[in-house]
Amino acid sequence: MPDSGADFGPDFGFGLYLHWPFCTRICPYCDFNVYAAKARDTEPLIAAMIADLDAHRRRLPDHPGLDSVFFGGGTPSLLSDRQMAQILDKVNDAFGIKPDAEITLEANPNDVVAATPSNWAAAGINRVSIGVQSLQSQALAFLGRDHDSAAARQAIADVQAVLDNHSVDLIYALPGQSPDGWARELREVIALGAPHLSLYELTIEERTAFGKRAARGDLVPLEDDDQADLYEVTQSICDEAGLPAYEVSNHARAPEYESRHNHIYWASGDWIGIGPGAHGRLTIDGHRFATEAARRPADYQSSPIPTETKLSRTDTAREFLAMALRPVSGLDLERFERLFGASAPATVLSDLISNGFATIEAEKLKLTATGRLVADYIAAQLTPHA
Ligand code: SF4
């Protein structure tokens, strides 16, 4: 436990998430707060973000320097390297960025190929997460992506020429995808050498274009059992290749390549959310606050200060539980007891262990690969009833 004795807050990591809401094309499966890029003057949005940042600093006068900055979206690789450097300068002026902080940029392959990743590195980026999604042009076309297989491969090579610390994102469990087909593609990606992979199953959200196609019967999602088979294939191939899961969807060759930013979320650290629709979690005077910024860029530009909601102790504990079950490092049962004011239900724990969903080591509840597949269900089971 950190020195302060707190069970959440900046002792567990302090990060900043910046949401850049524009994309050159809106993908049919995307449920994020995104808008078509078009030809826009983006300077007013950056000015609003800086005002938002300064307001956060006034709200958090005693918070320490940042362990992590994450440019997410949307497509933050549409920012110029000058804009990235300008934002990072302002962030550093406001909060201080620790010398060893992780500074991640999510990048679209086309932007990697068109830009020069060395300019990103010069602007301060030290980790790039490449939205490859697939190495197959046909799958990329189905996903509505604006890059093809050649751009995906080129982007990985271009990033690797500049930065060791990088990640490749893939989407699997596409309609009709077979375990053999996925296994071939995953092995091919692993052979390209990225030290970190984020592997997400395609989820069909109701309000997306895919959701509407599914409602009409024009798109048939993979059955749950077939998805589970692909998940098993994923775990065994990544284990064999030395890229074990360190969280439900994330795999790393060594601990130094694990996403420090995501660890802040899983550990119930604090993070500032900057940009349209961004969410944050802040600890002030021992209380946990959820922040949320206006979703539409125009609304955010006219009023960049987020709304702030004080979370109850129970909501804080529930969030802690849901997040702490995800990484393989496991859920600290003593912290659970302090936050909920009750220990984890013994019968649920023994059922989880006897059914192969979890183990307990050194007061940490660690989900197995099968358990991680149903982490949300397990969180609901473990929640003490009022
Ligand atoms: S590029 Fe990413 S954020 Fe943008 S629409 Fe596609 S999936 Fe969503």
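This report walks through a predicted model, from its domains to its helix pairs, its ligand shell and two backbone details.

## Two domains

Let's start with the big picture. The domain assignment splits the protein into domain 1, residues 10-263, and domain 2, residues 312-386. Measured out over C-alpha atoms, the centres of these two domains are separated by 28 Å. Where they touch, domain 1 brings seven residues to the contact and domain 2 brings seven as well.

What kinds of residue does domain 1 use on the side that touches domain 2? By class, that side has five nonpolar residues, one polar and one charged.

## Helices α1 and α2

Now for some helix packing. Helix α1 covers residues 43-59, and its axis lies 9 Å from that of α2, at an angle of about 15°. Angles under 35 degrees count as roughly parallel, so α1 is roughly parallel to α2. The crossing of this pair is right-handed.

Want to find the contact in the structure? Look on α1 for Ile-46, Met-49, Ile-50, Leu-53, Asp-54 and Arg-57, which meet Gln-83, Ile-87, Lys-90, Val-91, Ala-94 and Phe-95 of α2. Sorted by class, the contact of α1 with α2 has eight nonpolar residues, one polar and three charged.

## Helices α7 and α9

The next pair is α7, residues 179-191, and α9, residues 224-240. Their axes are 10 Å apart, and the helices pack at an angle of about 30°. That makes α7 roughly parallel to α9, and α7 passes α9 in a right-handed crossing.

From α7, the contact takes Pro-179, Trp-182, Ala-183, Leu-186 and Arg-187. Facing them from α9 are Asp-229, Leu-230, Val-233, Thr-234 and Ile-237. Count up the classes in the contact of α7 with α9 and you get seven nonpolar, one polar and two charged.

## Helices α12 and α13

How do α12 and α13 run relative to each other, roughly parallel or roughly antiparallel? Helix α12 is made of residues 313-324 and helix α13 of residues 333-340; their axes come within 9 Å and cross at roughly 160°. Angles over 145 degrees count as roughly antiparallel, so α12 and α13 are roughly antiparallel to each other. Their crossing is left-handed.

In this pair, Thr-316, Ala-317, Phe-320 and Leu-321 of α12 meet Phe-336, Leu-339 and Phe-340 of α13. The contact of α12 with α13 has six nonpolar residues, one polar and no charged ones.

## Around the ligand

Which residues surround the ligand? They are Cys-23, Ile-26, Cys-27, Cys-30, Phe-32, Val-34, Gly-73, Gly-74 and Thr-75. Of this shell, six residues are nonpolar, three are polar and none is charged.

Two residues of the shell, Gly-73 and Gly-74, are worth a second look. The peptide bond from Gly-73 to Gly-74 is cis, with omega near 20°. As for where to find Gly-74, try the loop between β4 (66-73) and α2 (81-95).

## A positive phi

One last backbone detail sits at Ser-268. Phi of Ser-268 is near 60°, which is a positive value in a residue other than glycine. You'll find Ser-268 in the loop between α10 (260-266) and β10 (270-274).

Terms used
Residues numbered from 1 in each chain as written. Predicted model: local features only at pLDDT ≥ 70, side-chain atom pairs only at ≥ 80, totals over all residues. Near = placed C-beta within 6 Å. Nonpolar A, V, L, I, M, F, W, Y, C, P; charged D, E, K, R; others polar. Domains from an automatic or database assignment. Contact = placed C-beta atoms within 7 Å. Axes fitted to C-alpha atoms, helices over the stretch in contact; angles between N-to-C directions. Helix = DSSP H or I, 4+ residues; strand = E, 2+ residues; numbered from the N terminus. Parallel < 35°, antiparallel > 145°, perpendicular 65-115°, else oblique. Left-handed = near helix turned anticlockwise from the far one by under 90°.
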